[in-house]
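Work through the exercises below with the coordinates open. Each task is followed by a solution in steps.

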Amino acid sequence: MDRYARWNALLELLTESGRVTVEEASERLDVSQATIRRDFDQLAQQQMITRTRGGAVANGVSYDLPLRYKSAKHSAEKQRIGEAAARLVTPGTVVGLNGGTTITEVARALAVRPDLNAGGEGSQLTVVTNALNIANELLLRSRMKIVVAGGVVRPQSFEVVGPLGGALLKEVTLDIVLLGVDALDVELGAASHHEGEASMNSLMVARAKRVVVIADSSKLGGHAFARICPISKIETLVTDSGASASTIAAFRDAGVDVITA
């Protein structure tokens, strides 16, 4: 287990119990106590936990981890979801993408599709994004037209937020938006941990003809701080096979087409 995966696991332990000792964490993660102490110290320096004598306590009930710490979590599921979501895109369309690890997999799957990169008249894909890492993925791997919303960059997600980017999004029309979320619930809708990201994502939803939410099964039935849109705005959900039959049925009953990868 690498450092970022370890940190993610430690924060999940703290979310579950509120307090974890060095000894407990060492046993759960099967690493030395010295390693756990170093991890706790580094997380405390970043104000993500509070260090205590012999362990650590949580600073809150949920964590908006920096994107680079999240890549190891549910990686296989996210790759399958990304490939399934990319198949919903047709050549010559305008696609909206926000940020996050699952949307990164979507971007990678789009970039290697030959029919989206042929360069023929009417086949070039236009991608509108507020995430710098997504723009970078596509610029390095494809011949697509990339439009990036301006504003203030959040280091945690590489997403751009604020009124500058919102002004651009209000002037474009998207054929489809592929939207990564922090939580999706039948009653509460789609949500993000950060209100600035939720606002930008909500604008993408408003400007899109078709809204597709991309979320692994761990996000389903959960809640986050800021709502992006109600469930009635979402046409399709792409998730993984870990979603329970009852969860899938609830979304379908709400009028959402569910694709499992």
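The exercises treat a predicted model and cover an annotated domain, salt bridges, a sheet and a surface patch.

**Exercise 1. The annotated domain**

Task: State which residues the annotation "domain: HTH deoR-type" covers, and give the helix and strand content of that stretch.

Solution.
Step 1. The annotation comes from an unreviewed UniProt entry and covers residues 3-58.
Step 2. Over residues 3-58 the chain is 64% helix and 20% strand.
Step 3. The end C-alpha atoms of this stretch are 19 Å apart.

**Exercise 2. A salt bridge between two helices**

Task: Find the salt-bridge partner of R108 and place both residues in the chain.

Solution.
Step 1. Side chains of opposite charge can pair when their charged atoms come close.
Step 2. The criterion is a side-chain nitrogen of Lys or Arg within 4 Å of a carboxyl oxygen of Asp or Glu. R108 and E137 satisfy it, with the closest N and O atoms 3.1 Å apart.
Step 3. R108 is in helix α6 (residues 101-111) and E137 is in helix α7 (residues 132-141), so the pair ties together parts that are 29 residues apart in sequence.
Step 4. R108 has a relative accessible area of 31% and is partly exposed, while E137, at 13%, is buried.
Step 5. The pair also belongs to a network of salt bridges that links E105, R108 and E137.

**Exercise 3. Two further salt bridges**

Task: A search of the whole structure finds 8 salt bridges. For the one between E197 and R154 and the one between K209 and D175, give the N to O distance, the location and the exposure of the residues.

Solution.
Step 1. E197 and R154 form a salt bridge at 2.7 Å, N to O. E197 is in helix α9 (residues 195-206), and R154 is in the loop between β7 and β8 (160-161), 43 residues apart.
Step 2. Buried means under 20% relative accessible area. E197 is therefore buried, at 6%, and R154 is buried as well, at 10%.
Step 3. K209 and D175 form a salt bridge in which the closest N and O atoms are 3.4 Å apart. K209 lies in the loop between α9 and β12 (211-214) and D175 in the loop between α8 (163-169) and β9 (176-180), so parts 34 residues apart in sequence are tied together.
Step 4. K209 counts as exposed at 64% relative accessibility, whereas D175 counts as partly exposed at 25%.

**Exercise 4. Strand order**

Task: Give the strand order of the open sheet of 3 strands, and name its edge strands.

Solution.
Step 1. The order is β10-β11-β13, with antiparallel pairing.
Step 2. β10 (183-185) and β13 (226-229) each pair on one side only, which makes them the edge strands.
Step 3. From one strand to the next, the twist averages 35°.
Step 4. β10 pairs with strand β11 (residues 189-192) over 3 bridges, in the antiparallel sense. The bridge partner of D185 in β11 is G189.

**Exercise 5. A nonpolar patch**

Task: Which residues make the nonpolar surface patch of about 270 Å², and why can V153 be part of a patch?

Solution.
Step 1. The patch is made by L132, V148, V153 and F158.
Step 2. V153 is located in strand β7 (residues 152-153).
Step 3. Patch residues need over 30% relative accessible area. V153 has 35% relative accessibility and counts as partly exposed, so this requirement is met.

How values were computed: Residues numbered from 1 in each chain as written. Predicted model: local features only at pLDDT ≥ 70, side-chain atom pairs only at ≥ 80, totals over all residues. Heavy atoms only, no water. UniProt positions renumbered as here; feature names shortened; annotations may be inferred. Helix = DSSP H or I, 4+ residues; strand = E, 2+ residues; numbered from the N terminus. Patch = residues over 30% accessible without salt bridge, like charges linked within 9 Å, V, L, I, M, F, W, Y side chains within 5 Å. Areas by Shrake-Rupley, 256 points an atom, 1.4 Å probe, with all protein chains shown as cover. Buried < 20%, exposed > 50% of the residue type's maximum accessible area, 1.4 Å probe, protein only. Pairing = 2+ DSSP bridges. Axes fitted to C-alpha atoms, helices over the stretch in contact; angles between N-to-C directions.
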